[in-house]
Every structure is written in structure tokens, then in C-alpha cells.
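Colleague: Could you take me through one part of this model in detail, the enclosed space inside it? I'd like to hear what surrounds that space, and then a little about the rest.

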Amino acid sequence: MSPATATTDIAIVGAGPAGLSAAIAAAEQGKRVLVIDQGLRPGGQIWRHRDARTLGVIPRRLLRRAAALEVRILSDARIIDLDGPRELLLQHGGRVVRHRTAALIIATGARERFLPFPGWTLPRVVGIGGLQALIKSGLTLKGARVVIAGTGPLLLPVAAATVSAGARLLLVAEQASRIPVMRFGARLLRSKPAAITDAVRYRWAFRGVPFRASSWAVAAAGDRALERVTLSVNGTPRTLECDWLATGAGLVSNTELAQLLGCTLDGGSIAVDAQQSTSVTGVWAAGECTGVKGDAAAMIEGEIAGRAAAGDASGATAKRLQDKRKMGRAFALQLATTFAPRAELLRLADDDTVVCRCEGVCRGDLDPGWTQRQAKLWTRIGMGECQGAVCGPACSALFGWSGNRVRPPLGAPRFDEWQNGLSGS
């Protein structure tokens with residue numbers, strides 16, 4: 001028996017800033033809107049929360065507006081396959097359901113990029129955004145010694161949240177050099193003064209904790225879990241005893257769904273025009289999946305995409321929105337330039353360093369002269385449960401390989417639920 005079929009005017013994948021803004025803009029045009037999101041609650045990674053009391057003013061306002069417009073949000077749901085842009089096969093509530101839609105908006109956000117170094121797979125070595133998510137989910141850090149070593153503006157709010165959670169924050173290390181970071185801040189002061197106010201507030205929250213540019217994690221060590229980390233701090237080796245290490249090399253766009261549809265990519269992100277339309281007719285994209293630029297810019301792109309998908313071309317091309325879109329994309333370029341991983345990070349992994357966690361493939365197992373396909377055939381790298389979500393961006397940075405070819409099912413669905421849905425039980 002085939003899966004049950006439902007219909008909607010506009011389907012949106014992702015309930016973060018871009019997805020919610022797109023949903024509201026489309027619903028305001030009288031469209032029936034369905035939002036599909038993997039999270040347990042809408043808000044995306046940036047607005048992850050345990051209950052409504054922990055949400056900020058902006059996401060609360062968006063969720064109230066979406067509810068008033070009768071936007072349907074399916075949480076804990078995922079697209080696992082599709083038959084073109086208008087036939088979505090999704091898993092939700094232990095079943096597989098087919099959704100037909102007249103238009104599709106991809107707002108799948110971004111994920112952290114990890115560049116392997118010795119010890120990075122030890123327990124309690126986590127991503128910077130991962131630590132933030134754990135704290136928002138209720139992780140207790142009282143008295144724990146924490147080191148944060150990564151890159152980009154996310155360091156500041158995560159450091160502030162870490163201290164607020166009761167941790168002993170020992171050091172915040174930014175791999176970018178001091179002068180580019182200062183220039184980035186100066187440009188931000190001119191274009192987004194409110195962001196500088198936030199940055200000062202975050203820095204004050206962990207005042208007294210050293211913040212060092214041109215610094216990064218070199219190796220983590222411990223018997224069964226993390227016990228210490230060695231860093232390069234302004235060119236000088238330094239070892240710190242710690243309980244947690246939050247690390248990462250920035251963010252990369254989530255483009256798997258777009259690739260499965262055949263959308264054109266540009267520099268690892270989904271290519272879109274001024275109305276957020278992709279190269280595939282009937283498919284729009286907005287937010288971090290079109291380039292990492294922050295929640296404010298993602299909301300603008302979401303509104304443009306929602307209006308365009310709903311047929312409101314004049315609204316989508318309004319000067320107010322287009323000017324803000326240009327500012328957001330200029331900010332994305334500044335982010336990518338200022339916080340690009342330095343060459344030293346690409347030389348940290350030794351032959352025994354794990355590159356693919358799912359399949360246990362080490363750096364010494366890989367020949368840089370191979371193509372990505374050869375590496376996959378010889379070592380199974382990228383063939384594990386995450387389907388290259390972690391090792392793919394790492395290998396792209398290390399060896400210049402392209403990512404894995406995307407094939408269904410997406411999102412590692414549970415086989416028993418998939419079978420139940422397909423059988424109609």
C-alpha cells in the first residue's frame with residue numbers, strides 16, 4: 001500500500017529564522033503553508049529551546065504570528081525522499097507520508113565544520129554550537145573547566161552561555177588573526193551597531209577570561225575522555241587541564257535536499273537569484289543554506305522567498321527587502337573572508353587521526369592523490385550513518401574533494417518506521 005498523501009500550497013523545510021519568516025510571508029498571501037522540521041520544537045539551531053519561556057522576543061513573535069495565520073508546523077519530521085520538487089516523502093510520528101506541494105522553500109540552515117586533529121573524537125570534545133545546544137537542553141557545567149577554541153562570532157555568545165551555566169571558562173581561542181578580526185569589528189560597528197552592543201555584552205559576561213586571536217587547539221588527550229588540550233596560543237604551545245573542549249572551524253551550508261533536487265550550488269551553498277529562486281523551477285531557498293550570514297539576514301531572505309513562492313513578485317522585489325538582502329550577503333562575504341580556516345589547521349591531523357568517525361577511517365588511510373570516489377571505494381569514508389555530513393567538509397578542506405553524491409534516503413530514517421509507512425500499517 002502506498003503512503004498516505006496530503007497536499008499543501010507551499011512546503012517549507014526548516015523552522016529556523018528563514019523558514020518561519022518564509023511561512024509567515026506566504027501565509028499572509030492566503031497560501032496554505034506546511035513547515036517541516038527535524039527539531040523537537042520550531043526555532044532551528046539558533047533558537048533551540050526547552051520551552052517558550054527560554055525563547056527570545058523575536059522567535060516568540062514569529063511563532064505567535066505563524067499560529068495566528070494557521071501555519072502548520074511538523075516538528076520531529078524529516079524529508080527522506082522525493083519525486084521532484086512537488087512530491088515529498090517525509091517521516092513523522094512513526095510513519096511515512098507523501099506531501100504534494102505547489103512550491104517548495106528550502107531553509108535547511110547550516111552545520112558545524114570540523115577539521116580533524118589528534119584527540120578530537122574523545123568524549124567531551126564537542127562542537128561550539130553543539131555545546132550551546134547542550135546548554136540550552138539543560139547540560140550542567142557547574143565547576144567544569146572549559147576551553148573554547150574555534151572561529152567566528154559564535155564564540156562570544158557560547159562563551160557567555162558557558163559561564164552562565166556555571167563553568168570555569170579557561171580560555172577562548174580564535175584562530176583568525178587579530179588585525180582581520182579588528183577590521184571585521186570596525187565594519188560591523190558601521191553597518192550593524194546593535195551587533196557590537198551584543199558582542200560587548202557577551203564579552204562582559206566572561207570578563208577576566210583570556211580571549212586570544214591566532215590561537216587554536218592542536219591536540220586533545222585523555223584516557224577515556226578529555227583530560228587536557230594543547231593549543232597554539234600566538235605561536236606558543238600551551239597545555240590546559242580541562243573537562244570540556246568546544247571546537248570547530250566555522251559553519252557550512254546544509255545542501256543535501258537541494259542537491260537531491262538538482263539545484264545549482266555556488267561555493268558550497270545553494271545558488272539563488274534576487275528572489276531566492278534556485279535553478280530548479282518551483283524551488284526557492286533562504287537563510288544559511290544559501291550562505292552563512294546570521295539570523296537577521298536569514299529572516300529577510302525568508303520573507304523574500306515566501307513572498308516570491310506565493311506569487312507576490314512585487315513584494316519580493318521591494319527595495320526595503322532587497323537593500324537588506326544585499327547587506328546580509330555582504331556580511332556573509334566578510335564572515336567567510338575574515339574567519340576562513342588558516343592553513344595550519346589543515347596540517348594538524350597525523351596518520352592515526354580519525355577523519356571519518358562513522359567508518360573509523362584515519363588520515364593515514366587516505367591518499368590525497370585519490371578522487372573522492374576512489375577514497376570512498378577503498379576506505380568507505382563518507383558511507384556511514386551521517387553520509388559524509390562531518391567528514392565531507394573536512395575532506396573538502398584537506399584534499400579538495402567534492403562532497404558525497406547525495407542519494408535517498410536522507411536523514412538516516414528508522415527502517416522500521418519507513419517500512420510501516422510504506423506498507424500503510
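Modeller: Sure. For the classes I'll use, Ala, Val, Leu, Ile, Met, Phe, Trp, Tyr, Cys and Pro count as nonpolar, Asp, Glu, Lys and Arg as charged, and the others, Gly among them, as polar. Keep in mind that this is a predicted model. There are two cavities of 30 Å³ or more, and the largest cavity holds about 140 Å³ of space. Its lining is made up of 14 residues, and Leu115, Phe117, Thr247, Gly248 and Leu345 are the closest to its centre. The elements that give two or more residues to that lining are E9 and strand E12 (215-221). Sorted by class, the lining of the largest cavity has ten nonpolar residues, four polar ones and no charged ones.

E9 also turns up next to helix H3 (residues 128-136). The buried residues of H3 are Ile128, Gly129, Leu131, Gln132, Ala133 and Ile135. They pack against E9 (145-150), and also against strands E7 (110-112), E8 (125-127) and E15 (244-247) and helix H4 (155-164). After H3 comes glycine 138, with a positive phi near 110 degrees.

Another positive phi, about 55 degrees, belongs to asparagine 234, in the turn of the hairpin that E13 and E14 form with two residues between them. Those strands, E13 (residues 228-233) and E14 (residues 236-241), pair in the antiparallel sense over six bridges; arginine 228, for instance, has glutamate 241 in E14 as its bridge partner.

Methods
Residues are numbered from 1 along each chain as its sequence is written. This is a predicted model: local features need pLDDT of at least 70, side-chain atom pairs count only at pLDDT 80 or more; totals for chains, interfaces and linings use all residues. Side-chain values use heavy atoms; hydrogens and water are left out. Two strands pair if DSSP finds at least two bridges between them. Helices (H or I, at least four residues) and strands (E, at least two) are DSSP runs, numbered from the N terminus. Buried means under 20% relative accessible area, exposed over 50%, partly exposed in between (1.4 Å probe, protein chains only). Contact means heavy atoms within 4.5 Å. On a 1 Å grid over the protein atoms alone, a cavity is a set of points where a 1.4 Å probe fits but cannot get out, and a pocket is an open set with protein on both sides within 12 Å along at least five of seven lines; lining residues have an atom within 4 Å of a point. Grid points are joined across faces, edges and corners, and a volume is the space filled by probe spheres set on the points.
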